[in-house]
Each structure stands twice: as structure tokens, then as C-alpha cells.
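User: I would like to learn how to read helix packing, a buried polar residue and a surface patch. Can we start with a helix?

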Amino acid sequence: MIRYLLVFAIIPFFICSAKQVSAQPNQVEIIDESQGLSDNRIHSFFKDRQGYIWIGTANGLNRYDGRSFRIYSPANKMDYLSSEFINSITEDSKGNLWIATRGGLNILDARRDSVTIYKPGSNSASQDATVIPSAWIWDVDIAGDGSVWLAPDARDLASFDPVTKTFSYYPWMKFAREQVPQRSNPYFSIRKIIPKSDTEWWLGTNVGLYSFNRATEQFTYYGGENGGDVWLLEYDASAGRVYFAQEAGNLYSFSVPENKIRVWTKNQLNVLAASGFADASLAGGFLIPMKQTILRFSEGEEDPDVILLNNVFEDADQFNNATQIFTDDQHIRWIGTDNGILKLDPKLNLFHFVRAHPDRSEWRINSVFYDRVSGNYFMASPFTNSLIIVNSKTNRREELSQIGGVPLLDCAAINECDETWLWILCRGNVFRYHRQTGGFSRFPIPESARHFLFVEMIQDAENNLWFATTDGGLLVYLDQEKRWWKPSAADHFYDREVTALCSDPQRAAVWIGTYDFGLFRYDLVKDTFAYYDSQPRDEHQLHSSLIFDLAKDRNGNIWVATNSGGLSRFTYGNETKPFWNYNLTSGLPENTILAVQCDEKNRLWLLTYKSLTCMSDTGKVIRKYPFDPGFGNSDFGVLTSMTPDGEILIPVKNGFIQFHPDRLEPEPYSFPVVIRNILVNGNEIDWDGEREFAFPYHQNNIEISFSALNYSRPAEISFEYKLEGADADWNDAGGLTSLKFPNLNHGEYKLLLRARDGEGFVSSNMASFSFCILPPIWQTPWFIALIVVFTGGLLYALYRYRLNKIIELQQVRNKIAADLHDDIGSTLSSIRMYSEMVKAQIPDSSVANQLLDKISSNARESVESMSDIVWMINPKNDRFVNLLNRMESYATEMCSGKNIELDFQKTPEADGLHIPMEARKNIYLIFKEAVNNAVKYSGANQLKIVVEQTDHRMKMEVTDNGNGFDVSKIRKGNGLENMIQRARSIRGDVKIDSAFNAGTRITFSSAIP
């Protein structure tokens, strides 16, 4: 336990703190116009099937997703409603919202943002079946069969058939006038409709409570006609009790099992509120808002607890008119007032606050204890010099400032030692409370201790009573000897400022913490003190001599909470390394530990200035609960305690906070993710949540806004997304609620969205939006196919054109070759033949004979040249193998005439090639020139010809073993020059290698076209 000395030690901290956190029973979020709400005057709440909260106000309808609002009102032309004054909201089976307003009935399809409005005609008083009977609709409800039930102002009960679009009326006004004939005011109106069963409705009217049975079309009257307009109607089906409140401030309840109505007048409720004060957490029970108060009807209790609205949230003076309380499926309470909304989130109110004073006392409670025998909470308040007792069942409060005429000066602590007594410690006095009889008595102390401030006491294994004081050291009442003992320096105990005591009966020891000298242990068997001083540099010794609190865990370890030294654990059996230390480096929020409690599962609960921290007995931090938000109060006293059922009590300003460690774990909540709107190139599209879209290629800038409909700590929600078609993995969007995808390529896409809340729970769904970006026309398959067909056709046309030209050329070449062979060739052959015949007729020596020889020789050469030209022109000879055969034939003929041995070699790869006519002609003529020179002028008796073809290149070598010549001195004649020019014309090369008496080699190489 932390000692009373700490009260004074922490006062400067709170005075100097930059942020003063006021004590309050609840962490409450205020939602009003400053957050975007259309109006602070709240009339209705509704949660639709998607998960949106709808809030009806006096100036517009609000759709809320936890972070932002979308407003529907007559002022907003895009989201038009017939009236800004929203009375009631409900939803049909198709997800359409039916909205009762002061300007007609509105049906809103929120997904498509379309509104259908029903307004009365000029003769609506006739209650025509085709026209809504009144512009002012107070309430609307939808039956299981889809029929819509309406409360039109000053009209009969009405129903509307959405299929036939017709209205039906039931004569409530006639029935009501018969029930209250004494009413002189002609104004009769149904204000509220709520289901009683599948075929019955409760009707709250300005002339009392009624019900209507649809099967029998009968009305029933229950009373309550004198209170004025009904503004609230609630039905507790489990208790069979219906409540209705009227403007006069009266509350009525009708018990169905008892068939009895009861009224609480405004004065009676005020008396209940003044007689006591209720726990203001709004936990449990059935809640009824009553303007300045909230009534809680607990199960089995007929009278309500009255909770002042200002006590729900102490700093909210302006919230003095609560008319709506809505509890959603997360157990969040939404309280509607005339000045906005109070939202109470149970995840922010894990720690239950119990008030000490009914007013707003700023005084801190220093110690709290729960007595299981009487069911009372005892709170010690040194600032008011009083003991406050609150009954846990009735909330009845008693405050004692004296006992037996003795004032409770600096009332500091309440302690328990056995089943009989509670001890109340003050300055100069110790009192006992008998737990069975409820009586107080004064325990005698030494006269020398009359000025001591008693802050802690325990009972050891021998029933001795140990008392800690902040200015008098240690006092021990020895039970067997019935005398007091004050340990001193002679006993090896030194400090006057004792702050903590802990009894260890199993080890027959008492542990004493001081605020100067450190830690002592008293051995009851040896009657000696052991001393543990601080040694901050030794990891296995105590790290601070300023002790705040001591606790023993279920394993017998002693835990020491210190100022600036962290938390130390003492383990028996290792005297050389007795301590293990835990501090900031171990994950603690700070090194000053004000209090430590061990729960039933051996978890340690540490109180610091920053947070409440849960730690395992091995020193691992499990979870931290910051004071604001969540814990709700950091202006605390410092004597914590634990109840028999395991609840931990922490005193704070004007009360205490209680919690059970096993109930602090967050419960998983299934919440949805929804897509709010979609912008394409900056323009919103009409999306129904399912339709897939196809956008033109230039509409490829997509922006999507979304929400996670989880209203508990929405700022802690984070999102993840994956754009299938672009992303392989999930992307972290953090707290962003919109995404932009600019300049998307054409293709098919599907956006997936999911969310996680502050506890790490994943949303129940993945919102999705499927769409595709169409390619431009020039990238469409049909366009590409068309281009391919067109290109293929064009290429084929070019191919056919070229083929036809080639065929035409071949035909021309064939004709030329034929003409040359048949006409010119035969003519030249005839000239040669006739010259030979003439030569035979004249003498050999005649000049004519010489001329005839020359004519014959020229004719023969011409025939040979003509034969070559015919051969070259003929397309049949374009194959390279034909060229080789002609070359071989020519070389064979030339060599045989000169008795020259011929070696003609060719590679078989050349057989399959085709060579154009021009190239074939030049190659052949180069070959003829080379062979002719070798045969006529070289004087060789051997001629070697090699023709090779590799990778579309041709190489030809003509080598003789003749006389050779000096290449550098040879004069280029027509033959050699022709060879070079012909080679160049086909991008070839001729090389001549020769030397005297070494033969000659002519090499020709060229690419084969």
C-alpha cells in the first residue's frame, strides 16, 4: 500500500502540471456543430443495416460514419428533403429510410441519393386514401409485412401500403374523445408509435397511453391523459413495462403483467434525486432520459435510480436537456440533447467510477476499502477530515466527521486485519469498526503518539499490530504482552517516515518500507531487523531508498515500488542477488511507481503518474491504460485495495475507480467497411454498391472515399487496400479515408478495402469496387485485328505485285534467251559454217583464206559469247548449282585443249542457293577471265579451282603452277581491270597472289545477294 506521506508528495505535481485532468465519472465524446453536425438540437437516432448512424435534428438529417457527416436537408439541393425538422427515422426491408418530418413523409434511397416525398393535398382533412393526411408526421414505424404506420398530427392512426401507394385510417380520434370526454381542448394527436408485438403498437399521445391491435382493429386506453404532449415512449419488453414521459415532467409506466399504470410526478423525481446519488456510469438497467436527469430502472426494481445529467459528464453544464438515448450494438450510449450529443463508449469507460460526494467536491479521496460483510465502501478523505460510507446496493451515503465526539483529523486510511475489525487511521487516533455490529470504537494508543499521523497498519503471523506513521516511525502493539513497542536505532531500525508495511506470515516476517533509509525486514523468530539499502549500480540490489509501496505475490516474492528507482522484486533464497529490477528499459511508463497490487492471477497492477500498467510476475508488461483517455482520472489518492472477488479499487478525486482485471480485455466487435462515394475525373458516379463500371480510356483518374463503421475510438482505425490488376500485395493506408488512383492504364480492376480497430480486430467484410478502363480504339483487339488484316493484305498485294513483276521479267528473259539462241545464235553458226565452206574452195595462202579464218574465229567467239549470254539470261540457271556446273564445264573444256590437269572442288552447301542474273553474270565472267589467263599465259600443267560458300558468302580461288609474275610490275590490262570492276559491282573483292616460278592464285570473295 502507498502511504499517506505520498498525498503531500504528489500535491505539487498536480499543482504544477500543465494539464489538469478533472475527476469525472465518464469519458464522454461531445459531438456538435463544431464537428460538422447540422444542428445541436437532437430529435432521433437510427442505425441502418449498413452500419451508419442517422441523426435527426431540428435542422437536417445527418448520416454519421464516426468521422464525418453527410447532411440531407431542403437547403442541400443534391440531398433534398421536404423539411429540415426531422421527427423520426426507420428503415424498410430494401434499405430505404422512411423519414417523418414537419413537411411530409420522405423515403430516402441513400445509395442512389434519391428521395420520394409525400405531401398532403388541398383537402387532406378528409383523410383521402390517395393523399397523406398531414404535412406534420410525428412518428413512423414499419411492420413485418412492409406496411408503414404513421402518426400524422391531429389525425387518426394511418398506415401506408408501399405497393398500392394508398393510405388507410383507423378511428383513434373518435375513440380517444370517448375515453376522455372531460377534455375541453379539441386538439388530439398521436406523437409516438412503437411495436408491442407483431400485430400491436403502443401509441403515445397528448391524451395518454393507448395501444392498437391490428388484427382486431381495436384500441385500448391505459391512462395518463393529464400530462400534456408525450415526447418519449419506451418499451422494456423483457420487464413487460412501457414508459412514457410528458412535457409537464411526469413519467408514467404501465406494467403489462400487472395491468397497472404508475406515475412519477416531476416533484417526486426531484425528491428521489435529492435523497441519494446514483452511480453515474449509465451501466446496466433500462435508461429513460428525462431532460435534466436520466432514470435507470434496474431489473426487479420498481423505483428508478435518478442520475443527474451533469454527473454523467461533470464538465458539461450546457447539456441539461436530454430527450434521446440510443444504445447501439457496440453498447455505445448516444445521448441526444438540445446542445449536441454525448457519446459514452464503454471501451473508454473500462474503469467504473463511484462518487463520494453528491456535489462536485474537488477533494481527493486517499484510501478506499470494500467491506463484503456490510456491502459498504469506506473512503478516507484527509482533505475533508471525514470518513465516507457508500452502500454498494442502495447508493445511500453517510459521511462521518467524528467518532464518539473525536474528530477524524486527517483521516488517512482504512485497513483490514481480520474478519472482525476494520481500522480507520487518522492523525493522533486509531479507530475500529466492528464488521458484524456496525459499531465504531477508539483504539488506545500511547500518549506519545497523539501527534503522529497514522497511515498504514498490518497484523503479523503472531497477531501483533504494526502501525506506520509519517512522523513517528514504527509502532508495534505486541498482542501477547499487551504493550506497545517502538523500534529504534538500538533495534537497528532508523527511519521516522514509514510509508509501507507488508506481512509475510509464511516466512514469519514483516517488511517495512521507508521514505529515506530504504527497506527493512523483521524476522519474528530471530527478533532482528535486516536492512536493504539502495545500490543503483548493482542490477541485483535495490535501486532507490524512497519506498512508496510493498506487495507480496502468490509465489511469495516481495515487490517494492519506489520513487525514481522503478519496481524491484525480492526473491527468497538468493542473498547475494536478492533483487531483480524493472524500469523504463523494461517497458514501464516511468521509473516512479506509486502503488502495486497483485491480482488473483498473479498479475501486477502498477499505478504511476502516466498510466495504470499491467505486468506479469516475470516482469513482462502486458498492457498500459493511459489516464486520459480510457482511465478517465489521474488526480488520484494512492492507497489502492482489492475486494474479495478480485476487483481493484483506486481512490481518486471525489470517489474511487473500480475494475476487475479479467474484464478489461477488449471484446471483438464485427464492424463493416463501406465505400461512401466514387469520383471519376472529379465527377461523382451513381453507384449502388454492386454494379460494375466500364470507363473510357481518358476517364482513368479514380478517387474513392470510404469509412469503417466502428464508432468506438474511430481515430485509431487504420485501413489496408489492394487494387487487383495493379497490386500484388496489400498496401497500408493508415488513417486515410480516401484513395486516389491517377492515370490508370486500361485493364480490369477490383479495389478491396479492409480495416483494423485499435485492438487489432479486422473488419467483418472487405468493401470492394470492380471496374475497368477501356483501351483507346487503337488498342482494342478488333482494331488491332483490322490493322493486322489490312497490313497482311497490303503485304500480300505487294508480294503479288513483285511476284508478277518477277514472272514478267522471267518471261522476258526466257523470250530474249530463246530469240538469241534461235535467231542470232543460228545466224552466227551459219556464218561460221559458210566461211569454213568457202575456205575449203580456195588455196591456203590466199588473203581471202586468212580473212575467212578471222571471220570463222570471230563467229565462233560470238557464238560462245552468245551462248554465255543466253545461259545468263535464262531464269532456269538462277540456281547456284547451275553456275558451278557451267564453271566446271568451261574449265574442263579449256584445260583439256591444253593438256592441263584440272582439280575442281565445290562445297555441297552451295547447291541450294539462288543467285540473281546480274551477280551470276559477273561471277561467271570473273571466273572465265581467271581460267582463260591461266590456260593461255601461265604455262601451267595443273589448275586447281575451289568454290566455297558459308553464311551467304562465296569464295572462289583459281590457282595454277605456272611461271607466275611480279604483281607489282604488271600492267593492268582490260582483263584484270574488268575482273576488279565486276567484283565491285556485286560488292565483292578480287585478290591476285603471284611470284616468278611460283604460280598464280586469284581469289574472289563476295556476299551472295
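Analyst: Yes. Keep in mind that this is a predicted model. The buried residues of H2 pack against six listed strands, among them E12 (157-161), E13 (166-170) and E14 (190-195). Strands E15 (200-205), E16 (208-213) and E17 (218-223) are also packing partners.

User: Which residues of helix H2 are buried?

Analyst: H2 spans residues 172-179, and Trp-172, Met-173, Phe-175 and Ala-176 are buried there. Viewed down the helix axis, these buried residues fall within an arc of 160°, so they line one face of H2.

User: Now a polar residue. Is Asn-429 buried or exposed?

Analyst: Buried means under 20% relative accessible area. Asn-429 has 8%, so Asn-429 counts as buried. Asn-429 sits in the loop between strand E36 (421-425) and strand E37 (430-434).

User: Which side chains make polar contacts with the side chain of Asn-429?

Analyst: Arg-442 does, at 2.7 Å. Arg-450 does too, at 3.4 Å. Leaving out residues up to four places away in sequence, Asn-429 also touches Val-406, Ile-424, Ile-445 and Phe-454.

User: And the surface: which residues form the nonpolar patch with Ile-777?

Analyst: Tyr-697, Trp-778, Trp-782 and Leu-786 join Ile-777 in that patch. Together they have about 570 Å² of accessible area.

User: Why can Ile-777 belong to a patch?

Analyst: Patch residues need over 30% relative accessible area. Ile-777 has 45%, so Ile-777 passes that cut-off and is partly exposed. Ile-777 lies in the loop between strand E66 (767-773) and helix H6 (781-839).

Conventions. Residues numbered from 1 in each chain as written. Predicted model: local features only at pLDDT ≥ 70, side-chain atom pairs only at ≥ 80, totals over all residues. Heavy atoms only, no water. Patch = residues over 30% accessible without salt bridge, like charges linked within 9 Å, V, L, I, M, F, W, Y side chains within 5 Å. Areas by Shrake-Rupley, 256 points an atom, 1.4 Å probe, with all protein chains shown as cover. Salt bridge = Lys/Arg side-chain N within 4 Å of Asp/Glu carboxyl O. Helix = DSSP H or I, 4+ residues; strand = E, 2+ residues; numbered from the N terminus. Buried < 20%, exposed > 50% of the residue type's maximum accessible area, 1.4 Å probe, protein only. Arc of directions from axis to C-beta. Contact = heavy atoms within 4.5 Å. Polar contact = N/O pair within 3.5 Å; in protein donor to acceptor, adjacent residues only side chain to side chain.
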